[in-house]
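Please open your viewer and get ready to select residues as we go. The tour moves from stop to stop, with a short account of what is there.

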Amino acid sequence: MARLLGVDLPRNKKMSIALRSIYGVGPKVAADVLAVAGVDANKSSNDVTEEEIQTIRTALEAYA
């Protein structure tokens, strides 16, 4: 299970949907962060690697 900014991402969801479980992240922010991180928005949250989680975390922190 992936954990970002203190929030456990839901399992078996597309990353574009799973990121929305973080407070303040909506459809546009999720799409922008995934584009910057270079992660496919349709990738399952179960299939995300630790390296991809790190790039998403960095992109989220830079977005604010």
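A residue is called buried when its relative accessible area is under 20%, exposed when it is over 50%, and partly exposed in between. With that in hand, select D8: at 41% relative accessibility, D8 is partly exposed. Keep in mind that you are looking at a predicted model.

**First stop: the partner of D8**

Add R3 to your selection. The side chains of R3 and D8 meet in a salt bridge, with N and O 2.8 Å apart. R3 counts as partly exposed too, because its relative accessibility is 44%. Side chains of opposite charge can pair when their charged atoms come close. How many salt bridges does a search of the whole structure find? The search gives three, and the tour visits the others further on.

**Colour by confidence**

Now colour the chain by pLDDT. The mean for the protein chain is 92, and 98% of its residues reach 70 or more. Among the elements, α2 has the highest mean, 95, while β1 has the lowest, 84.

**Helix α3, from end to end**

Select residues 50-63, which make up helix α3. At 1.5 Å a residue, its 14 residues should span 20 Å, and the end C-alpha atoms are indeed 20 Å apart, so the two agree. Now pick out the buried residues of α3, which are E52, I53, I56, A59 and L60. Because they cover an arc of only 125° around the axis, they lie on the same side of the helix. Turn to the other side of α3 and you will find E50, E51, T58, E61 and A62 exposed.

What do the buried residues of α3 pack against? Show β1 (3-4), α1 (15-18) and α2 (27-37) to see their packing partners.

**Two isoleucines on α3**

Click on I53, which lies in helix α3. I53 counts as buried because its relative accessibility is 3%. Leaving aside neighbours within four places in sequence, I53 is in contact with A2, R3, L4 and V48. R3 should be familiar from its salt bridge with D8. For a sense of distance, draw a line from I53 to N42: their C-alpha atoms are separated by 15 Å, and the two are 11 residues apart along the chain.

Next, choose I56. Leaving aside neighbours within four places in sequence, I56 is in contact with L4, M15, L19, V33, L34, A37 and V39.

**Into the core**

I56 also belongs to the largest nonpolar core, which has 19 residues. Those with the most contacts inside this core are L4, L9, L19 and I56. The elements giving two or more residues to the core are α1, α2 and α3. Of these, α2 provides the largest share, five residues.

**A serine on α1**

Select S16, which is placed in helix α1. S16 is buried because its relative accessible area is 16%. Not counting residues up to four places away in sequence, S16 touches A30, L34 and A41.

**Last stop: two more salt bridges**

Go to helix α2 and select K28 and D32. They form a salt bridge, with the closest N and O atoms 2.9 Å apart. Being four residues apart in α2, the two are separated by about one helical turn. K28 is exposed at 58%, whereas D32 is partly exposed at 24%.

Finally, return to E52 and add K43. Their closest N and O atoms are 2.9 Å apart, and the pair forms a salt bridge. E52 counts as buried at 18% relative accessibility, while K43 is partly exposed at 23%.

How values were computed: Residues numbered from 1 in each chain as written. Predicted model: local features only at pLDDT ≥ 70, side-chain atom pairs only at ≥ 80, totals over all residues. Heavy atoms only, no water. Expected span 1.5 Å × (residues − 1). Buried < 20%, exposed > 50% of the residue type's maximum accessible area, 1.4 Å probe, protein only. Arc of directions from axis to C-beta. Contact = heavy atoms within 4.5 Å. Core = buried A, V, L, I, M, F, W, Y, C linked by side-chain atoms within 4.5 Å. pLDDT = per-residue confidence, 0-100. Salt bridge = Lys/Arg side-chain N within 4 Å of Asp/Glu carboxyl O.
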